[in-house]
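Here's a quick briefing to read alongside the sequence and coordinates. Have the viewer open while you go through it.

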Amino acid sequence: MKDIYLVNYSVSGIKTIDRLVTLSFYKKIISPEPDTSDYNVKGIYGINGSGKSGIIASVDILKSLLTNPEYLNNPVAQKKLDAMINKKTEKLFIRAEFISGFGKGPWLFRYEITLQRAASRKYVISGEEFSFRKATSKNSSMETLFKVCDGEIVDLKGKQDNFPGDGVYKKTMNRLSASTLCALCYDGQLMRLFLYYVMLSRNNTVSVFEGLILLMIFGEKLCVYLDAADEHKEYLIRNLADYLNELKEEAVCDFSQLFNFAKMYKNQIGMITVSENRIPRTVYRDFELTVGKLCEFLKIFKSDLRRIEIDKKEDQDIYICSLIMVYDSYKIHAEFESTGVKKLIRLFAYLRKMVQGGIVFIDEFDSNLHDVYLCALLEYLMEYGEGQLCFTTHNVGPMDILRHHKKSIDFLSEDHQVYPWTTNGNYSPSKLYRNGMIEGSPFNVDSIDFISAFGPEKGDA
């Protein structure tokens, strides 16, 4: 097991999902030295509209909440949440449970957060709780590290033991409705207070300081690739004028928030884009090395690719870099490559992060990728990946590869029930799935069902 491993993820209130949906990534009983190598890849199957993309989108929101203290203060982010949070519930609930071998672990941590529409019509954090227990303990009760309700800390571990709580309350006053405690600690001031407490008292349990550090690491390890159709960029661009008008009406003159929001679309894991990449001078050498690895990756799919040149232009402390694909007899900008190659360029950094220990979620992994390549990639990741990969797909090809690992296939029904695949003799999950034999996935569609849609109109001769 790497430093942190996601064992359960639950969500309700995203897109069409109005009930709690839970994905399980590991067995219930956790040993003193967990071996997660057989549990590192999961594929989610389900018909269109079953909520697959909603689950992935909620992970993206969770990452933003944990790592960006200004996420909920941004009007554009609020517009995105308004479009994505379930209209019936008007509330988004997320629960993530992960294990860590930190200290005298393994420890099991549970993080819960609820976003709810306030009287101002904006979404705020109505509840946040972080708790833990010894992962190997038979006692399922959790000890609270911190709990926040309606913008106030109502429980804080250690506050009776010389904990500098007054400073924490002052630093978080009027801020916890719009920012998570974890995200606020990125500025370092809160974290220093928690560190001071650790220096006052040490024991064999987990302090708030240590728990927050692990939560921050967990947030940074989350990497989310959303299919283009689910990033809502076009929606946001079409409504940009409305957002600017809202800011004007609110007498907000500083438009830096919009630029900060744009950074949300610049992936924080060093994603390589097909159009242009804005690379700080200080990390340009790392970018060159990454492009070199990308070239080796693409040569597996494009044997005639010779190298990738970087066309860079200077803009103060930034290099604006474009990728030029070099073949035997011609060169081409990456923007004009095939859809499949562009998808591989975008995916590369995510797959690399998974190999290195990241917790990666990919929506529509199979789109624009050939079945043979997809299966070969999954086989490699299952064997050599040190992190976790959870992806949605409609391609049944990978099923017979995934079946050899545990907790590796989940079927999501139209009413948002999760049906995990369990080995059943020599039965093939792909054949059972195609034949409508998987519970919750009846696929009772026949060719004649399309007659009413494409047949002659009533009254036609």
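Let's start with arginine 307, which is partly exposed at a relative accessible area of 42%. Its side chain meets that of glutamate 309 in a salt bridge, 3.1 Å from N to O. Keep in mind that this is a predicted model, so the confidence notes further down are worth a look before you zoom in on any one spot.

**Salt bridges**

- Glutamate 309 is partly exposed as well, with 26% relative accessibility.
- Glutamate 309 has another salt bridge, to lysine 331, with an N to O distance of 3.2 Å. Lysine 331 sits in strand S13 (residues 331-333) and glutamate 309 in strand S11, so this pair ties together parts that are 22 residues apart in sequence.
- Salt bridges with shared partners also join Asp82, Glu90 and Arg117 into one network.
- Which residue does aspartate 315 pair with in a salt bridge? The partner is arginine 278, and the closest N and O atoms are 3.1 Å apart.
- That pair links distant parts of the chain: aspartate 315 belongs to strand S11 (residues 307-315) and arginine 278 to strand S10 (residues 277-280), 37 residues apart.
- Both ends of that bridge are partly exposed: aspartate 315 has 31% relative accessibility, and arginine 278 has 40%.
- In total, the structure holds 15 salt bridges.

**Overall make-up**

- The protein has 15 helices and 17 strands.
- Of its 461 residues, 49% are buried.
- Take the contacts between residues at least 6 apart in sequence: 64% of them join residues at least 24 apart.
- The protein exposes about 23,100 Å², and carbon and sulfur atoms supply 50% of that area.

**Nonpolar cores**

- The largest nonpolar core has 75 residues, and Tyr9, Leu62, Phe146 and Phe218 are the ones with the most contacts inside it.
- Helix H1 (residues 52-67) gives this core its largest share, 8 residues.
- Another core, of 53 residues, lies apart from that one, and its members include Val41, Phe287, Val341 and Leu374.
- What does phenylalanine 146 touch, once residues up to four places away in sequence are set aside? Its contacts include the aromatic pair Tyr111 and Phe130, the leucines Leu156, Leu181, Leu212 and Leu215, and the acidic residues Glu128, Glu129 and Asp155.

**A buried phenylalanine in helix H11**

- Phenylalanine 348 is placed in helix H11 (residues 339-356).
- Is phenylalanine 348 buried or exposed? With a relative accessible area of 8%, phenylalanine 348 is buried, because the cut-off for that label is under 20%.
- Leaving out neighbours within four places in sequence, phenylalanine 348 is in contact with Thr290, Lys293, Leu294 and Phe297.
- One of those partners, lysine 293, is 55 residues away along the chain, and the two C-alpha atoms are separated by 9.1 Å.

**Nonpolar surface patch**

- Val445, Phe450 and Phe454 form a nonpolar patch on the surface, with about 380 Å² of accessible area together.
- Valine 445 lies in the loop between helix H14 (429-434) and helix H15 (451-454).
- Valine 445 is exposed, with a relative accessible area of 57%.

**Backbone spots with positive phi**

- Arginine 121 has a phi near 75 degrees, a positive value in a residue other than glycine.
- Arginine 121 is found in the loop between strand S5 (107-117) and strand S6 (123-134), and at 52% relative accessibility arginine 121 counts as exposed.
- Histidine 416 isn't a glycine either, yet has a positive phi of about 65 degrees.
- Where is histidine 416 placed? Histidine 416 is in the loop between strand S16 (409-412) and strand S17 (418-420), and counts as buried at 8% relative accessibility.

**Confidence**

- The mean pLDDT of the protein is 85, and 85% of its residues reach 70 or more.
- Residues 232-241 stay under 50 in pLDDT, and the model has 11 contacts for them beyond four places in sequence.
- Residues 251-269 also stay under 50, with 32 contacts in the model beyond four places in sequence.
- Where pLDDT is low, don't read the predicted coordinates in detail.

How values were computed: Residues are numbered from 1 along each chain as its sequence is written. This is a predicted model: local features need pLDDT of at least 70, side-chain atom pairs count only at pLDDT 80 or more; totals for chains, interfaces and linings use all residues. Side-chain values use heavy atoms; hydrogens and water are left out. Helices (H or I, at least four residues) and strands (E, at least two) are DSSP runs, numbered from the N terminus. Buried means under 20% relative accessible area, exposed over 50%, partly exposed in between (1.4 Å probe, protein chains only). Contact means heavy atoms within 4.5 Å. Accessible areas come from the Shrake-Rupley method with a 1.4 Å probe; for residues, only the protein chains shown count as cover. pLDDT is the predictor's confidence in each residue, from 0 to 100. Patches are made of residues with over 30% relative accessible area and no salt bridge: like charges are joined within 9 Å, nonpolar side chains (Val, Leu, Ile, Met, Phe, Trp, Tyr) within 5 Å. A salt bridge is a side-chain nitrogen of Lys or Arg within 4 Å of a carboxyl oxygen of Asp or Glu. A nonpolar core is a set of buried Ala, Val, Leu, Ile, Met, Phe, Trp, Tyr and Cys residues joined through side-chain atoms within 4.5 Å.
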